[in-house]
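User: I would like to learn how to read the packing of a protein model. Please take me through it feature by feature.

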Amino acid sequence: MKKLLLLLPILVFYSCASAPEKAVEPVAAPVVQPAPVITADMEKGRATDAMNKAKSVKAEVAVKKEFDSAMSIYNEANTLAAAGGEKVKTAAAKYLESETLFLAAYENAKVKKEEAMKQLEKAKADIKNVEDDAAAMEAEQKTAGGGL
């Protein structure tokens with residue numbers, strides 16, 4: 001029994017020594033996210049779309065002052081965006097402001113265009129009425145002059 005007690009610590013030692021070592025898991029290095037790059041591209045795209053919409057109804061002619069005001073702010077935003085840095089945030093705000101102004105110019109030009117189209121249709125109807133009256137008078141004169 002003494003021999004067994006003496007062998008027990010030796011067995012435990014060898015069983016631990018021959019056991020496979022646990023693989024050391026590498027500690028993942030913390031992922032450092034780069035600071036987000038602030039751009040005004042999305043706002044510029046929206047402002048450009050609004051500008052093109054305004055141009056589609058000739059706002060640059062119909063409501064020139066409104067369109068020019070929006071264009072001035074749009075150009076200012078372009079300058080700020082090109083400067084970069086903290087000015088990009090200001091550029092984004094300016095693009096949004098110009099978008100609002102371009103859309104207002106679009107709506108006002110659209111109203112003016114609709115009014116002009118109504119007036120044109122009325123003028124065409126008036127011309128047709130005058131032509132019809134003139135044709136009727138001419139036919140009446142031929143009939144009256146031919147009966148003598």
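Analyst: Begin with the core. This is a predicted model. Its largest nonpolar core has 21 residues, and Ala40, Ala59, Phe67, Tyr74, Tyr95 and Phe102 touch the most other members. The elements that give two or more residues to this core are α2, α4 (64-83) and α5 (87-146).

User: Which element gives the largest share of this core?

Analyst: α5, with 8 residues. As a general idea, nonpolar side chains in soluble globular proteins tend to be buried together.

User: How many helices and strands does the chain have?

Analyst: There are 5 helices and 0 strands. Along the sequence the pattern reads α-α-α-α-α.

User: What share of the residues counts as buried?

Analyst: Of the chain's 148 residues, 18% are buried. The accessible surface is about 11,800 Å², and carbon and sulfur atoms hold 63% of that area.

User: How do I read contacts against distance along the sequence?

Analyst: Set aside the contacts with a separation below 6, then ask what share of the rest joins residues 24 or more positions apart. In this chain that share is 71%.

User: What does Ala59 touch, apart from residues up to four places away in sequence?

Analyst: With those neighbours left out, Ala59 touches Ala54, Lys64, Phe67, Ala105 and Ala109. Ala59 is also among the core residues that touch the most other members.

User: How do I read aromatic pairs?

Analyst: Look at the distance between ring centres and the angle between ring planes; planes over 60 degrees apart count as edge-to-face. The count here comes to 3 aromatic pairs. One of them is Tyr74 with Tyr95, an edge-to-face pair at 5.6 Å centre to centre with 65° between the planes.

User: Why does that pair tie together separate parts of the sequence?

Analyst: Because Tyr74 lies in helix α4 and Tyr95 in helix α5, the pair links parts 21 residues apart in sequence. Tyr74 has 7% relative accessibility, so Tyr74 counts as buried. Tyr95, at 2%, counts as buried too.

User: Which way do the rings of Tyr74 and Phe102 meet, stacked or edge-to-face?

Analyst: Their planes are at 65° and their centres 6.1 Å apart, so the pair is edge-to-face. Phe102 lies in helix α5 and Tyr74 in helix α4, so this pair ties together parts 28 residues apart in sequence. Both Tyr74 and Phe102 are buried.

User: Which residues form the aromatic cluster?

Analyst: Phe67, Tyr74, Tyr95 and Phe102 form one cluster. Each of these four is also listed among the core residues that touch the most other members.

User: How do I read a charged residue such as Glu43?

Analyst: Check its burial, then look for a partner of opposite charge; a salt bridge needs the charged atoms within 4 Å. Glu43 is in helix α2 (residues 41-56). Glu43 is buried but has no salt bridge, and the nearest side chain of opposite charge, Arg46, is 6.5 Å away.

User: What does Glu43 touch, not counting residues up to four places away in sequence?

Analyst: Glu43 touches Ala92, Tyr95 and Leu96. Tyr95 is the residue that also pairs with Tyr74.

User: Is Met42 buried or exposed, and why?

Analyst: Met42 is also placed in helix α2. Its relative accessibility is 60%, so Met42 counts as exposed. Met42 and Leu96 are 54 residues apart in sequence, and their C-alpha atoms are 9.7 Å apart in space.

Technical notes. Residues numbered from 1 in each chain as written. Predicted model: local features only at pLDDT ≥ 70, side-chain atom pairs only at ≥ 80, totals over all residues. Heavy atoms only, no water. Helix = DSSP H or I, 4+ residues; strand = E, 2+ residues; numbered from the N terminus. Buried < 20%, exposed > 50% of the residue type's maximum accessible area, 1.4 Å probe, protein only. Lys, Arg positive; Asp, Glu negative; His and termini not counted. Contact = heavy atoms within 4.5 Å. Core = buried A, V, L, I, M, F, W, Y, C linked by side-chain atoms within 4.5 Å. Areas by Shrake-Rupley, 256 points an atom, 1.4 Å probe, with all protein chains shown as cover. Phe/Tyr/Trp six-rings, centres within 6.5 Å; stacked < 30°, edge-to-face > 60°.
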